[in-house]
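Trainee: I am new to this structure and should be grateful for a close look at one topic, the salt bridges. Please set them in their surroundings as you go.

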Amino acid sequence: MQTTSPQISADDCFLEVDHIFICTTKGTESVSVLEELGLYCSNQLVQHVKQGTASKIIFFENTYLEVIWIEDKHLVEQQSELTDVQTLTRVRGQRIGASPFGIGLRRKFDESKLVSHSTLYWAEWMPTKMSISFAAENLANQQEPFCFVIPDCATIKNWLDPSLTAHQQLISHPLGVRKLTSVKIIINSDKDLTDAMSVLCVNSAVVIERGESPLLELTFDEGIRKKNFDARPILPILFKC
């Protein structure tokens, strides 16, 4: 792991949501409830071998939602010691007050940075020279979603091509949703937000509100149909479209 301290600048404003994930203890049930709501889940099971986790992904035109669960607790604990990414804690989030959510961010401009005191992280699925940038203070605050900036070459915009039949299938949902237009996350904490999360809120990448329990509210297509689809109690996610 490598630590750097870039300066905060106006470029911090130019970040947008690339993808969102949720940690859960109910992998199979979670995928099933999303499919029952009318979402198409990719058939491919993603194995994060060295992290000890697995996931399923739901793709949309401009983002994706990843449902992550633990397959090897020992490996997860090892990775937590090495990287400070407390996956096990976040999986158990609803019971102990940690947020189960993570937000992957992409840069609108190549030269932007996240915040000062960031941490670079490399996983086995990444090319050797590619890494993810975390803000150290946000990583340590498990009561708020943790956020990170991913390399430009790994963003969904860089590889999703709606003109391809295979890609078009991935983003064609029986529910009819297409484009994510707003993200609200409820946290069960009275702590001040870290600088990293505050930057995202000030610049409208996400909205953070306080509540009794963690909840992810995703609005698609500006909520034009004024319909809500609730994945609770299996997953703390509310879809608005």
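Mentor: The account below begins with the model as a whole, turns to the salt bridges, and ends with what surrounds them.

The model is a predicted one, in which local features need a pLDDT of at least 70, side-chain atom pairs count only at pLDDT 80 or more, and totals for chains, interfaces and linings use all residues. Residues are numbered from 1 along each chain as its sequence is written, and side-chain values use heavy atoms, with hydrogens and water left out.

The confidence score, pLDDT, is the predictor's confidence in each residue, from 0 to 100. Its average over the chain is 81, and 78% of the residues score at least 70. Residues 1-12 have a pLDDT below 50, with 26 contacts (heavy atoms within 4.5 Å) beyond near neighbours in sequence. Residues 110-131 also have a pLDDT below 50, and that stretch has 76 such contacts in the model. Where pLDDT is low, the predicted coordinates should not be read in detail.

Eight helices and 14 strands make up the list of elements in the chain; these are DSSP runs numbered from the N terminus, helices being H or I of at least four residues and strands E of at least two. Of the 241 residues, 52% count as buried. Here buried means under 20% relative accessible area, exposed over 50%, and partly exposed in between, with a 1.4 Å probe and protein chains only.

A search of the whole structure for salt bridges returns eight, each being a side-chain nitrogen of Lys or Arg within 4 Å of a carboxyl oxygen of Asp or Glu. One of them pairs Arg106 with Asp18, whose closest N and O atoms are 2.9 Å apart. This pair links distant parts of the chain, since Arg106 belongs to strand 6 (residues 101-107) and Asp18 to strand 2 (residues 15-23), 88 residues apart. Both partners are covered: Arg106 is buried at a relative accessible area of 4%, and Asp18 is buried at 0%.

A second bridge joins Glu217 to Lys240 at 3.4 Å, N to O. Glu217 sits in strand 12 (residues 215-220) and Lys240 in strand 14 (residues 237-240), so this pair ties together parts 23 residues apart in sequence. Glu217 is buried at 11% relative accessible area, whereas Lys240 is partly exposed at 26%.

A third bridge brings the side chains of Arg232 and Asp230 together at 2.7 Å, N to O. Arg232 is partly exposed at 43% relative accessibility, and Asp230 is partly exposed at 32%. Elsewhere, shared partners connect Glu16, Asp18, Arg106 and Lys157 into one network of salt bridges.

The strands that carry the Arg106 and Asp18 pair deserve attention next. Six of the seven residues of strand 6 are buried. Strand 6 runs antiparallel to strand 2, with seven bridges joining them; two strands pair if DSSP finds at least two bridges between them. In this pairing, Val17 stands opposite Leu105 of strand 6. Strand 6 is also joined by four bridges to strand 9 (residues 146-149), and these two run parallel. There, Leu105 stands opposite Val149.

The strand that holds Glu217 also has other residues to examine. Thr219 lies in strand 12 and is buried at a relative accessible area of 14%. Leaving aside residues up to four places away in sequence, Thr219 touches Lys179, Leu180, Thr181, Ser182 and Lys240. On the same basis, the contacts of Leu216 include Ile20, Leu65, Phe101, Val183 and Ile237.

Leu216 also appears in the largest nonpolar core, a set of 43 residues in which Leu34, Leu65, Val183, Leu216, Leu218, Ile237 and Phe239 touch the most other members. Such a core consists of buried Ala, Val, Leu, Ile, Met, Phe, Trp, Tyr and Cys residues joined through side-chain atoms within 4.5 Å. Another core, of eight residues, lies apart from it, and Cys23, Ile68, Leu139 and Ile150 are among its members.
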